[in-house]
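Me: Please go through the packing of this chain with me, step by step, once it is on display.

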Amino acid sequence: MSMTEEDIIKEILAIRTHEGDQDSFTTTELSDAIGLSSPTVRKKLRVLWNAGRLEATQKRIAGIDGRSYMRAAYRLLPQKETQDEGTE
């Protein structure tokens, strides 16, 4: 079964709820959470990025050596409301 971009958004929202309203996520975190490969997740995120649904940010990640690292991450933006054509 193929996941649509809307399915990805639903998964992101579910992760945010489950993880305590996690504000941002890395592609690896999302990939692990929904069981898709990182390249597939990046492809879907690119579509969401082009649609203006994501913003890029950075996230502090703890390494196995105990040090923290900054990683590229994304934050889901609210969907822009569209105005009906012909209304003023």
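Me: At what angle do α2 and α3 pack, and are they roughly parallel or roughly perpendicular to each other?
Reply: In this predicted model, the axes of α2 and α3 lie 9 Å apart and the angle between them is about 110 degrees. Angles of 65 to 115 degrees count as roughly perpendicular, and the two helices are therefore roughly perpendicular.

Me: Which residues make the contact of α2 with α3, and how many of them are charged?
Reply: From α2 come Thr27, Leu30, Ser31 and Ile34, while α3 brings Ser38, Val41, Arg42 and Leu45. Sorted by class, the contact holds four nonpolar and three polar residues, and the number of charged residues is one.

Me: Which helix gives the most to the largest nonpolar core?
Reply: That core has 13 residues, and those with the most contacts inside it are Ile8, Ile12, Leu30 and Leu45. At least two of its residues come from each of α1 (5-18), α2 (27-34) and α3 (38-50). The helix that gives the most, with four residues, is α1.

Me: Leaving aside neighbours within four places in sequence, what is leucine 30 in contact with?
Reply: Leucine 30 is among the residues with the most contacts inside the largest nonpolar core. With those sequence neighbours set aside, its contacts are Ile8, Ile12, Ile15, Phe25, Val41 and Leu45.

Me: Is lysine 43 buried or exposed?
Reply: Lysine 43 is part of helix α3, and its C-alpha is 9.6 Å from that of glutamate 5, although 38 residues separate the two in sequence. Its relative accessibility is 56%, and because the cut-off for this class is over 50%, lysine 43 counts as exposed.

How values were computed. Residues are numbered from 1 along each chain as its sequence is written. This is a predicted model: local features need pLDDT of at least 70, side-chain atom pairs count only at pLDDT 80 or more; totals for chains, interfaces and linings use all residues. Side-chain values use heavy atoms; hydrogens and water are left out. A nonpolar core is a set of buried Ala, Val, Leu, Ile, Met, Phe, Trp, Tyr and Cys residues joined through side-chain atoms within 4.5 Å. Buried means under 20% relative accessible area, exposed over 50%, partly exposed in between (1.4 Å probe, protein chains only). Contact means heavy atoms within 4.5 Å. Axes are lines fitted to C-alpha atoms, for helices over the stretch in contact, and angles run from 0 to 180 degrees between N-to-C directions. Angles under 35 degrees count as roughly parallel, over 145 as roughly antiparallel, 65 to 115 as roughly perpendicular and the rest as oblique. Ala, Val, Leu, Ile, Met, Phe, Trp, Tyr, Cys and Pro count as nonpolar, Asp, Glu, Lys and Arg as charged, and the others, Gly among them, as polar.
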